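Grab a coffee and work through a few short exercises on the empty spaces in a protein and what fills them. Try each task on your own before you read its solution.

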Amino acid sequence: MADGELGRIGLKRSNLFREQCYIDGKWVGEPEIEVRNPATRGVIGRIPNLGRAETLRAVAAAEAALPEWRALPAKARADVLRRWNDLMLKHQEDLARLMTAEQGKPLAEARGEIAYAGAFFEWFGEEARRAYGDIIPGPAADRRIMVMKQPVGVVGAITPWNFPAAMITRKVGPAIAAGCTVVLKPSELTPYSALALALLGEEAGLLAGVLNIVTGDAEPIGQVLTEDPRIAKFTFTGSTPVGKKLAAQCASTVKRVSLELGGNAPFLVFDDADIEVAAAGAIVSKFRNTGQTCVCANRFFVQDGVYEAFAKLLAEKASELVVGDGLAGVTQQGPLINVKALQKVEAHVADALGHGAKVLTGAQRDSQGGTFYQPTVLRDVAPDGLLAREETFGPVAALVRFRTEEDAIRMANDSRAGLAAYAYTRDLSRSWRVAEGLQYGMVGMNTGLISSETLPFGGVKESGIGREGSKYGIEEFLEIKSIVVQL
Ligand code: SIN
């Protein structure tokens, strides 16, 4: 029986905890880099510090596995994905506890993420069987054009720490459903979910080399994944500055690129909204994962007529959230991932207060210490301060007042980010005008929770390129081949 941090996780199936990487169907590397629980700062374990040489080996394994994997009937690939999802659900509690320990999110959210993550495997297994082509009427009577879809090839993927399982399955699911093979670098802050998934993938029937996982030094690993000509497609979820850099590196070999980058989601509450529903949606949208999601509401624009009532209600609800270690069953908000994240939140709050904002609740570190921060609601926030310009990635709701619908849409669109937006109104015509006017890839209309495997997830402007999930997600891993037939 393990003691310390690992013992506290209390895995029923202890071999789900892996301290080695997974390359060509083998567990490799020596545990070196410490992985800490953000709630306690205790060391959970270590992971290998791999670099260029091992990543090149992983790419070679993925390339070697490609012909056999892509040649399988789609149903055979779908069967593996279905079994993989089944195994994830069978071990949901262990996977959730592991995730909470390494990432900090409350156990209930981690359980939800495992189900959400597994759903991408199930969904894309089903989609694999429907990767249909076309027959196009030709430009002349004796010509036809056929279109077929083929897997892109070897995929390089880099995933973040905020959703240690779902951001992997949302990429790996469609990639391997399409017949591609993958080299994945998970975040070194949350690698254990990825490694446990690899073990379950092996048990579900993945061929050696179809999925390879490397942990270690981001720079050399990222360089191989973005520059090696054997990699046909690169997919990344993370910050906008890093995404821009990686996309530029991909240009040298003209790779297909998908990017899911930062957001700065506006949350609009109109006078005609049901403010109980809006406040409940705001809690979900803002405080899920301690405000550390790319689709978290970041700027709240509230119309004059409901401003006071909405602000009071939201502050009440936020102040009731139970802050603590995610492994404690009652916790509703966990710690921030690290000190850097905490300092960013503090800087944003200080900037807002310096520009006249007032505290309705929170606005300070939690008494538990570490990186715990109180759920915070600020009112009278300047629309051009740090909180409005940058993604806070923390539990701070910043309220700005507006008068007209035009003002709200203009302020909401005044951002280089364009991932998610939310609006609350009971006026049907307004809901359409607003949804169409918001320059965002996704709009939650009268809901603060939009994510599911069926949603085309992605952004416009500097929030990214491409869509994940839904029937569109698999297209990112398929090439269109056109065949012109002379009769
Ligand atoms: C993200 O933060 O990038 C993902 C959020 C989600 O899938 O809901």
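The exercises below go from the ligand to the cavities and then to the pockets.

A word on the ground rules: the model is predicted, so local features need pLDDT of at least 70 and side-chain atom pairs count only at pLDDT 80 or more, while totals for chains, interfaces and linings use all residues. Residues are numbered from 1 along each chain as its sequence is written, and side-chain values use heavy atoms, with hydrogens and water left out.

**Exercise 1. List the residues around the ligand and sort them by class.**

Step 1: Collect the residues with a heavy atom within 4 Å of the ligand. They are Tyr-116, Asn-162, Phe-163, Met-167, Arg-170, Glu-260, Arg-288, Thr-293, Cys-294, Val-295, Ser-451 and Phe-457.

Step 2: Sort them, counting Ala, Val, Leu, Ile, Met, Phe, Trp, Tyr, Cys and Pro as nonpolar, Asp, Glu, Lys and Arg as charged, and the others, Gly among them, as polar. The shell holds six nonpolar, three polar and three charged residues.

**Exercise 2. Find polar partners for oxygen atoms of the ligand, and state how much of the ligand the protein covers.**

Step 1: Look for pairs of N or O atoms within 3.5 Å. In the side chain of Tyr-116, a polar atom is 2.7 Å from a ligand oxygen. The side chain of Arg-288 places an N or O atom 3.0 Å from an oxygen of the ligand. Cys-294 takes part through its backbone, where a polar atom is 2.7 Å from a ligand oxygen.

Step 2: Turn to accessible area (Shrake-Rupley method, 1.4 Å probe). On its own the ligand has 260 Å² of it, and the protein covers 100%.

**Exercise 3. Which cavity holds the ligand, and which residues are closest to the centre of that cavity?**

Step 1: Search a 1 Å grid over the protein atoms alone for sets of points where a 1.4 Å probe fits but cannot get out. The whole structure has four cavities of 30 Å³ or more.

Step 2: Place the ligand, which sits in a cavity if more than half of its atoms lie within 2 Å of the grid points. The ligand sits in the largest cavity, with about 90 Å³ of space.

Step 3: Read the lining, meaning residues with an atom within 4 Å of a point. Of 13 lining residues, Phe-163, Met-167, Arg-170, Cys-294 and Phe-457 are the closest to the centre.

**Exercise 4. Describe the two largest pockets and say which helix gives the most to each lining.**

Step 1: A pocket is an open set of points with protein on both sides within 12 Å along at least five of seven lines. The largest has a volume of about 1,200 Å³, and H9 supplies the largest share of its lining, six residues.

Step 2: The second largest pocket holds about 330 Å³. H5 gives the most to its lining, with four residues.

Conventions:
A polar contact is a pair of N or O atoms within 3.5 Å; within protein, one must be able to donate a hydrogen and the other to accept it, and residues adjacent in sequence count only if both atoms are side-chain atoms. Grid points are joined across faces, edges and corners, and a volume is the space filled by probe spheres set on the points.
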